[in-house]
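Me: I want to know how the labels on this model are earned. Can we go through them one at a time?

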Amino acid sequence: MAQINNKEQYVHEVFNLIADDYDEMNNLMTWGMLKGWQKLVMDKTNITSGGKGLDVCCGTGEMAFQLKERVGATGEVVGLDFTENMLQIANAKLKQSSLTGLSFVQGDAMALPFADNTFDAATNGFALRNVLDIQKVISEMARVVKSGGRVVCIDVSRPKNLFCRAFFNVYYFKVVPILGHLVDKNKAVGGKFPAYTWLAESLKTFPDQEKIKQMYLNAGLKDVHYQGVGFGAATVYWGSK
Ligand SMILES: C[S@@+](CC[C@H](N)C(=O)[O-])C[C@H]1O[C@@H](n2cnc3c(N)ncnc32)[C@H](O)[C@@H]1O
C-alpha cells in the first residue's frame with residue numbers, strides 16, 4: 001500500500017468521497033450503539049440550557065444537533081469541519097430542522113477561528129485519528145472553552161480484554177473495510193488506500209488512552225478521565241479547563 005504523505009489532503013478527499021453514506025455506515029458499523037455513546041459524550045460536557053457549544057470536526061453534524069438539544073432554544077452551537085461535502089449534509093439537515101442558534105462553519109481544527117474562552121464545552125467525535133496533530137487539536141479545544149468548561153472527545157480504541165480485542169481486530173481491520181467498500185467501491189483516493197481501508201488502518205498509529213489523557217493534561221485541562229464504551233471499542237475522554 002502507498003504511504004500517505006499529505007495526510008490532511010488525503011483525509012479531506014476521503015470524507016468528500018464518503019459523505020453521502022457516512023451516517024448510514026456509522027450506524028451499521030457500530031451496530032446501532034453509536035447514539036448511546038454520543039449520549040455519554042453529551043452528558044460529560046455538563047452543558048446546560050442557554051449554553052454555548054462547539055463541535056470540532058462535526059462532519060454531518062450529528063453531535064452538533066445533540067449539543068443544540070442540550071442548550072435549548074436560548075443556547076448556541078457551532079459545528080466546524082474542513083470537508084465541504086460533510087458540511088453540505090449538515091447544512092441540509094439544519095435547513096430541514098428550521099432550528100436557530102445552530103450553524104456550521106468551514107475551518108481547521110488545528111487553528112480554530114474563535115477567541116479564547118468562548119464556549120461552555122467543545123466536543124470532538126471520531127476525528128482525533130484523522131487530524132495531523134492531535135495535541136494541537138486538544139489544545140485548541142481547551143483554548144476556546146471558558147474556565148470550568150469541558151473538552152470531550154470520543155474515538156475508536158482497542159479493547160483491553162483479550163477476547164474482545166481478538167474479536168475487535170478481526171471486525172475492525174477485516175470486516176469494516178469490506179463493508180466500507182460498498183461505499184468507497186474499493187477505489188483508491190489520490191492513488192492511495194481506499195477510504196474505509198485507511199479509516200481502519202488509521203487506528204494502528206493512534207495513541208492509547210493514557211497518551212490521550214496526557215495530551216489533555218499538556219493542554220492545561222484538569223480532572224481528566226476516560227471511559228470505554230462498546231466493550232472498549234471506543235473511548236470517551238473528558239477534562240475541565
Ligand atoms: C470520522 S469523521 C467524524 C465526523 C463527526 N464528528 C462524527 O462523529 O460523525 C472525521 C471528520 O473530521 C474532519 N476533519 C479531519 N481533519 C480536520 C481538520 N484538520 N479540521 C477540520 N475538520 C477535520 C473530516 O472532514 C471529517 O468530517
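**Ligand shell and helix pairs**

Reply: Start with the ligand. Of the 20 residues around the ligand, C57, G59, T83, A109 and G125 come nearest. Keep in mind that this is a predicted model.

Me: What makes a residue count as being around the ligand?

Reply: Its C-beta atom, placed from the backbone, must lie within 6 Å of the ligand. Helix 1 (7-18) and helix 4 each supply at least two residues of this shell. By class, the shell holds twelve nonpolar, five polar and three charged residues.

Me: Why are helix 3 and helix 4 called oblique to each other?

Reply: The axes of helix 3 (residues 34-45) and helix 4 (residues 62-71) cross at roughly 50° and come within 10 Å. Roughly parallel needs an angle under 35 degrees, and roughly perpendicular starts at 65. The angle fits neither, so the pair is oblique. The crossing is right-handed.

Me: Which residues make the contact of helix 3 with helix 4?

Reply: Helix 3 brings Q38, V41 and M42, and helix 4 brings E62, M63, Q66, L67 and R70. Four are nonpolar, two polar and two charged.

Me: How do you know that helix 6 is oblique to helix 9?

Reply: Use the angle again. Helix 6 (residues 134-144) and helix 9 (residues 209-218) pack at about 45°, their axes 9 Å apart. Under 35 degrees would be roughly parallel, and 65 to 115 roughly perpendicular. Helix 6 is therefore oblique to helix 9. I134, Q135 and I138 of helix 6 meet M215, Y216 and N218 of helix 9. That contact has four nonpolar, two polar and no charged residues.

Conventions
Residues are numbered from 1 along each chain as its sequence is written. This is a predicted model: local features need pLDDT of at least 70, side-chain atom pairs count only at pLDDT 80 or more; totals for chains, interfaces and linings use all residues. Axes are lines fitted to C-alpha atoms, for helices over the stretch in contact, and angles run from 0 to 180 degrees between N-to-C directions. Helices (H or I, at least four residues) and strands (E, at least two) are DSSP runs, numbered from the N terminus. Angles under 35 degrees count as roughly parallel, over 145 as roughly antiparallel, 65 to 115 as roughly perpendicular and the rest as oblique. A crossing is left-handed if the near helix is turned anticlockwise from the far one by less than a right angle, and right-handed if clockwise. Two residues are in contact if their C-beta atoms, placed from the backbone, lie within 7 Å. Ala, Val, Leu, Ile, Met, Phe, Trp, Tyr, Cys and Pro count as nonpolar, Asp, Glu, Lys and Arg as charged, and the others, Gly among them, as polar.
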